[in-house]
Each structure stands twice: as C-alpha cells, then as structure tokens.
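Subject: Structure for you to look at

Dear colleague,

I am passing on the structure below, together with some notes on what I found when I went through it. Please have it open while you read, since the notes move from one region to another.

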Amino acid sequence: PLRAALEQSPERWDTDLALAAAMRGRRVVMGTVFKQGLRDGEAAGVGALGPPLTGDGESLPLDFVTPRGFVGNVGVLQAAAADAGFFDNPLTDADGVYRRVPVVQRYEGELYPSLALAVTRLAMNAEAVAFEFDPPEPPTALSLERMHIGPLSARLDRNVAVYVPYRGYQGSFPYVSAADVIEGRADHSLLRGRIVLIGTTAPGLLDFRVTPIENPFAGVEIHANIISALLDNRTLQK
C-alpha cells in the first residue's frame, strides 16, 4: 500500500516535485550563483543552470566576468522554471560597497543573465538581447554603450555591468511577509500583477550588503532597484 501511494501521488511525498508542479507554467525565475574560484578538488558545477542567452559569447570582445564554477538549482525545479539568473556580485568595490553589478557573466563560452536581467526579459517577453557599440567598428569593451532588451536599453560599463541607481533607503519597495502569504493574510493588491522577488531579511541569514545609501541594506532590494532601473531606462553609466 505504501509503495502504491508513493507511485500514484509522488508530489505528495516529494516536496521538490510539489514545488515544481506549483511552478510549472508560471513566470518563475530561479536564482543561481557563479563561483569566481575553486578549491582543490571542488566540483566546478553543482545542480542545474538555466539556459544561456542566445548568441555567441566567445566572439564578443568584452571584459565579461568569467567565473570558474556555479551553484545551480535542483534539476526538477530548474526544469519547471521559466528562466534563471545569477544573484552574486563579483564586482563589489574594494571598500565592500555595492555600486555596480554585472548583468551578464560568461561561463564556458556562454552568456548567462543576472537575476535582474532574466526577470526583466521575462516581464518584457524579450528573449534576445543585443549590444550597442559607439563607434560600432571595431567593437571593443571601451566602446560598449548599452544593451537592448526588447524596447528597453541599459547603459553598461566595460564589464557589462550597471551602476545601481538606488531609489532610496531600504523599504523603498513594498515588503510582504512570506508568513502572511502562506497564511493568506497578505494584501493581494500588493502582489497581483507585480514582479515579486523572494528573499531573506533575517540577519542570521546574512543577506545584507553595504550600499552608498544605507548599511546594512537587504540584498534582495538591490535586485529590485536594478529591475526598476532597467524597466524605466534609467541605468547609470560612468
């Protein structure tokens, strides 16, 4: 009886399958992390990466961040998601401040989007991205001007990164408690039709960052600021 129950309704017992079933067919973007270095004997890749951006990453003469490994997602979850994007920031300044964040990294010759870029592409139904150079020939890292995401454009630096135009102090975007969502207490008007980022704000989970605006600052809201800037065409460029 137990074996039959497991085989007939695996999602009841396997929480990964249950979460994948809830995600399937919905506009969900998973998060991944790229690793800039590997310890001796450490596996280069763990879990599943999302799909790369279309195009030949090797042929672009840009100073992409080029990681050596990654931490991806459980395969069944990544397969159910619409996309994935990295949320690490290897371009943190020497003083530890989050001023600029790459929107693309190149791993093993393929280009992968940041979480903010992946979310923006999905929101705009824009599968392809294109790079603009000035002057256009020959294209170089120094002549890189912007990236086009459908009708949007983002100003970039030579590392294919954006300067974060912070809207203000932490809380400039609405926060909704995950517990309130689970218990059905959340205000639906704050969530319906919106881009929602799921992140942590408990100090013990260590996702707080130093920003020019405030210290500490919830890491998840940095991504919200970048997405907002991409959608409003107000990214900054040095």
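The second largest pocket of this predicted model has a volume of about 200 Å³. Its lining is made up of P51, P52, L53, T54, A82, D83, R121, L122, N125, A126 and E127, and these divide into 6 nonpolar, 2 polar and 3 charged residues.

The largest pocket, by comparison, has a volume of about 2,100 Å³, and 49 residues line it, with V196, L197, I198, G199 and V220 lying nearest its centre. Two or more lining residues come from each of helix 3 (15-23), strand 1 (29-35), helix 5 (115-124), helix 6 (178-183) and helix 7 (219-231). Of these, helix 7 gives the most, with 10 residues. By type, the lining of the largest pocket holds 32 nonpolar residues, along with 9 polar and 8 charged ones.

Helix 5 deserves a separate look, since it is named among the elements that line the largest pocket, while R121 and L122, which are listed as buried residues of helix 5, also appear in the lining of the second largest pocket. Because 8 of its 10 residues are buried, helix 5 is largely enclosed by the rest of the structure; the buried residues are L115, A116, L117, A118, V119, T120, R121 and L122. After helix 5 comes N125, which has a positive phi, near 50 degrees, and which is one of the residues lining the second largest pocket.

Within helix 5 you will find L122, and you may ask which residues L122 is in contact with once its neighbours within four places in sequence are left aside. They are R27, V28, V29 and A82, and A82 is also among the residues that line the second largest pocket. L144, on the other hand, is 22 residues from L122 in sequence, and the two C-alpha atoms are 24 Å apart in space.

Just ahead of this helix, S114 sits in the loop between strand 7 (110-113) and helix 5. Is S114 buried or exposed? Its relative accessibility is 4%, under the 20% that marks the limit, so S114 counts as buried. Apart from its neighbours within four places in sequence, S114 is in contact with G85, F86, P102 and V103.

A residue with the opposite setting is L206, which lies in the loop between helix 6 and strand 12 (208-209). With a relative accessible area of 65%, L206 is exposed. Along the chain L206 and A218 are 12 residues apart, and their C-alpha atoms are separated by 9.2 Å.

Turning to the protein as a whole, there are 7 helices and 13 strands. The radius of gyration is 19 Å, close to the 18 Å that the globule rule gives for 238 residues, and the protein is therefore as compact as a globular protein of that length. Along the principal axes, the C-alpha trace spans about 70 × 40 × 40 Å. Of the 238 residues, 39% count as buried, and the accessible surface comes to about 13,100 Å², of which carbon and sulfur atoms account for 54%. Among the contacts with a separation of 6 or more, 69% are between residues 24 or more positions apart.

With best wishes

How values were computed. Residues numbered from 1 in each chain as written. Predicted model: local features only at pLDDT ≥ 70, side-chain atom pairs only at ≥ 80, totals over all residues. Heavy atoms only, no water. 1 Å grid on protein atoms, 1.4 Å probe; cavity = no way out; pocket = protein on both sides within 12 Å on 5 of 7 lines; lining within 4 Å. Points joined across faces, edges and corners; volume = space filled by probe spheres on them. Helix = DSSP H or I, 4+ residues; strand = E, 2+ residues; numbered from the N terminus. Nonpolar A, V, L, I, M, F, W, Y, C, P; charged D, E, K, R; others polar. Rg over C-alpha atoms; globule rule 2.2 N^0.38 Å. Buried < 20%, exposed > 50% of the residue type's maximum accessible area, 1.4 Å probe, protein only. Contact = heavy atoms within 4.5 Å. Areas by Shrake-Rupley, 256 points an atom, 1.4 Å probe, with all protein chains shown as cover.
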